[in-house]
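Let's look at how two chains meet in a model, and at the symmetry that relates them. The structure comes next, and then a short tour of the interface.

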Protein chains: 2
Amino acid sequence: TLEEVMPGAYGELLDVRNRLERHYRDMQDIEFTIQEGRVWLLQTRTGKRNGPAAVRMAVDMAEEGLIDKAEAVRRVKPSQLDELLHPMVDPAAEASAKPLAQGLPAGPGGAVGRIVLTPEKAEERAAAGEKVILVRTETSPEDVHGMHAAEAIVTAKGGMTSHAALVARGWGKTCVVGCGALEIDPAAGTVTVGDTVLREGDVLTVNGTKGLLYAGELPLIVIDPERNEWLAKFLGYCDELRRLGVRTNADRPEDAAQARRFGAEGIGLCRTEHMFFGDERIRAMREMILAETPEERARALEKLLPYQKEDFKGIFRAMDGLPVTVRLLDPPLHEFVPHEEAQIRELAESMGKDPETVRARVEQLREMNPMLGHRGCRLGISYPEITRMQARAILEAAAELRKEGVDARPEIMVPLVGHVAELQDQKRIVLEVAEEVKRATGVEDLPFLVGTMVEVPRAALTAGEIAREAEFFSFGTNDLTQMTCGFSRDDAGSFLPLYVERGIYGKDPFQSIDQAGVGQLVALGTQKGREARPGLKVGVCGEHGGDPDSIAFFHRVGLDYVSCSPFRVPIARLAAAQAAVAEKA
Amino acid sequence: TLEEVMPGAYGELLDVRNRLERHYRDMQDIEFTIQEGRVWLLQTRTGKRNGPAAVRMAVDMAEEGLIDKAEAVRRVKPSQLDELLHPMVDPAAEASAKPLAQGLPAGPGGAVGRIVLTPEKAEERAAAGEKVILVRTETSPEDVHGMHAAEAIVTAKGGMTSHAALVARGWGKTCVVGCGALEIDPAAGTVTVGDTVLREGDVLTVNGTKGLLYAGELPLIVIDPERNEWLAKFLGYCDELRRLGVRTNADRPEDAAQARRFGAEGIGLCRTEHMFFGDERIRAMREMILAETPEERARALEKLLPYQKEDFKGIFRAMDGLPVTVRLLDPPLHEFVPHEEAQIRELAESMGKDPETVRARVEQLREMNPMLGHRGCRLGISYPEITRMQARAILEAAAELRKEGVDARPEIMVPLVGHVAELQDQKRIVLEVAEEVKRATGVEDLPFLVGTMVEVPRAALTAGEIAREAEFFSFGTNDLTQMTCGFSRDDAGSFLPLYVERGIYGKDPFQSIDQAGVGQLVALGTQKGREARPGLKVGVCGEHGGDPDSIAFFHRVGLDYVSCSPFRVPIARLAAAQAAVAEKA
């Protein structure tokens, strides 16, 4: 060693390193040469490190008093935390492997498993203890059970905000989407990439952080974020420094519990539509949609009520003592009905209806622009029975839990409001139901809020009027971006990549909020809302709630919290802390 | 007569009438009784009158000096002018007739003709000198030739802003849409309403002012607005009083000329997509869409150039000396390709392409939400050759006309801009082409403007940046309403009627501008735009440009002009004058 050969130079180097690291307050990569026993420094720069090392060093240096907590927080990039939260493909092994195909990195982490091509098979094999990777052209809400059973999800189509990508990120599941090179033939049970043909059952390795697929197995580095003491300390610093609250988007008790372990301070978005896709549920949902009278509709909704109530209980219990924002039914009804002839016949038969009637109703639900169609609160206004059922399920669940000593704190969120009169209409129903529930259960102390999602530009523009009715705002920045920029998320793939490439938009506005346009409405809506109702609680629940640059913007605008996928919660805590630190600097 | 029987009472009544009419400065309906030779007045109120009478009386009283011109203008309702512009069903005959069915009054006026069920038959019969009424489930751009040949258009589906309604209003053609009671069977050649079966060739009377249909012929009151001296004088008063300019939306020289006779001061919206639907043109357009290389696309565009140029020449000539705002290609490309298998095969064959390739391209163009998809300037950015061809057609047409002594004044309008960088991109192409055209034609004095349609909320929000590039703004309030309120015009039929019925929106926001929401963006965009570019010319070219309440709003916001369908131009002149009068009062 140098210490043995040249103890003098060694001592000098040690001294120089300590002085440099104290000066730069960070680990240094130092280049030097020793000529005739004399040490010459050529260059020094901050050392590169991976995520786990970055966190450990920041914490160590803070504990040693070399840097303060603000500086420690500044030293870790939010993206580096991903390496502490998900298993990763071993970089050493990956360096010498040849990727099979590349797609978009929609859900970070690494996974290894056997290829399955249908959600049914995914569930079946997973139940038998096998690890599986679900490979699909694209996914839809009916695939969710199989997606959940899989280690990772891979799709040939779709962008960073496709169904597969959103669901996978919500669960912290590894996911690669838009992998156009894959030709998937579920009937033949094959996945073809150029000349390579993989069969169902073959092993695949997925690197969701980079969007890469490998045939065969690569080793994974498995980590357990909850036992990482450095991470816990580091996130503790973040919490001390940040002003912005961090909630999570979660629809299931497991996800809610996971997010809570990651430090979520509540649920900012609990979608209720996923609750309609189980076997019995979808049947009742379809009965509701095909109902020809309000009474028939009410009967079908009556069947859905117990399911919804149980779901809410699970989530409220997991979030005991923390607020849970529940969004009332949002998607257009055509998403819940089958569109293929055979399925329509089957449905008609099972309900004792004429196939012609069912087909006509399905046809009637078809829309030119479903994104701007009959959805959100427009459903609840057309069919007040739906809002009534959902309000009852939420409030009965809360009341029954309060009797058990669970502190359920529902915040009922009306989606797609553009005009204060829409919120008034829906709020009236909720308040009526609340009185009924209090009377029926005898629970007088039933705290809840009624607020609205701000996702239609008109809602932000008229936020002053809306805030007179709304007890909270939550900016739905996904839809707000679609309407403000006039981009359909499902269709933007044909021009948005070109726009980003040409620098028309600096970043994909669905990934990082368009501050000048959409952000202007967030700022304006917040300001007008708080003028009308001082102290109005304002959050954001779009995908942007987990994006560090967007989080910095939301901090500056003065929002109360961001809400993001469970596995983004630690990242959001860090980004929020960095925003607060940057403001003080 | 009373004069003979009771000359004293008669004289007294005459005196009282004169005093009352001078006091109220309007014709009075006076109720009186004469008891024992003494006149008792029971009641007096302003007399009701139809449109022609209202205009005549207002002008007569103004000419006699009984009222000033402002008062004359106040005395006629804008809707009353419709009776002076279109033939009407004789109210006396209509009073005793039983309507066959009712729909929405999409194009005012009255018409009588024989039922035809296809655009081809409409054209054929009209060419043979017959008057026909085109009855369709709904219409599409390919039906336009037949719609033009018909006296009136009736559709079973669609709302006030459906294709049929927009086209009919543009032409001043009588139209009833959304007449749900009609069951149309083109194969059988029948139109069934309840128990009544009408056949192709049967006579139908259409009242487009009220949305009513009658089996058989009712008499029409025919009028000739251009020979109505009172109307000319009355509109002269309007022009003296109004501040707001009035332009027209017109795509064809005949419509432009008609609008000019009605007093239009320019074209505020000349759509170019209608120019792609003739036989030869649609073929070249499809070649362009199916092109696999930029060169192939440029060759197809080269074929379209002469057609476009001739169209522009016709319009510029009709508008000699007045500005013509030409909107670059706006609709998504899928509107120009066939979607049925047989037509796809035919197209592939005629172009010597593989049907599979054509089908794949057609499939690729399909969008989830075409309203928010690949359209407007996004097309011109993806395919700069399109913008280049259109700019060349416009500017060459203008240059060649200037040589002939015609004062062509094109204003090139880039649609669907949301970000200033989009306008920069398209403007650069136009300016390059302008230099080429000047060099090639030797016409140095070639005045033209480049501006943008403000129809994406983001454009209004960032109007300050956009105005640095735009030489004019034109608010496209149809699309701006769709995006600001989150309503798809094509789908809103499933909930918007309920919204209006319940008073959530006071009026259908597609008919009368939503002042608090969409109007706020118009005001904000105008203000920011003028701050960045003092004197920026700002107009509006949505359907709202012909709606009196909206016109009053646009006056208050300080726009320079409104643009509307040719037959709405006199109405807009009146509404603009009333807005100015109301402001001074």
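How many residue pairs are in polar contact between chain B and chain A? In this predicted model, the count is 32 residue pairs, with both residues at pLDDT 80 or more. The side of chain B that touches chain A draws at least two residues from each of six helices, listed here.

| Helix of chain B | Residues |
|---|---|
| α16 | 377-382 |
| α18 | 420-441 |
| α19 | 457-461 |
| α21 | 477-485 |
| α22 | 496-501 |
| α23 | 518-532 |

By residue type, that side of chain B divides into 20 nonpolar, 13 polar and 10 charged residues.

Charged pairs take part as well: four salt bridges are counted between chain B and chain A. One of them joins B:D425 to A:R502, with the closest N and O atoms 3.0 Å apart.

Now for the extent of the interface. The size of an interface is often given as the accessible area lost when the parts come together. Between chain B and chain A about 3900 Å² is buried, and carbon and sulfur atoms give 55% of this area. In terms of contacts, 43 residues of chain B meet 44 residues of chain A.

The symmetry is pleasantly clear to state. A turn of 180 degrees with a shift of 0.1 Å along the axis lays chain B on chain A with an RMSD of 0.2 Å. That is the relation of a two-fold axis. Among the residues of chain B, B:N369 comes closest to the rotation axis, its C-alpha being at 2.2 Å. Because 100% of the interface residues of chain B are also interface residues in chain A, the copies meet through the same surface.

How values were computed: Residues numbered from 1 in each chain as written. Chains lettered and ligands numbered in written order. Predicted model: local features only at pLDDT ≥ 70, side-chain atom pairs only at ≥ 80, totals over all residues. Heavy atoms only, no water. Contact = heavy atoms within 4.5 Å. Buried area = accessible area lost by both parts, 1.4 Å probe. Salt bridge = Lys/Arg side-chain N within 4 Å of Asp/Glu carboxyl O. Polar contact = N/O pair within 3.5 Å; in protein donor to acceptor, adjacent residues only side chain to side chain. Helix = DSSP H or I, 4+ residues; strand = E, 2+ residues; numbered from the N terminus. Nonpolar A, V, L, I, M, F, W, Y, C, P; charged D, E, K, R; others polar. Least-squares fit on C-alpha atoms with pLDDT ≥ 70 in both.
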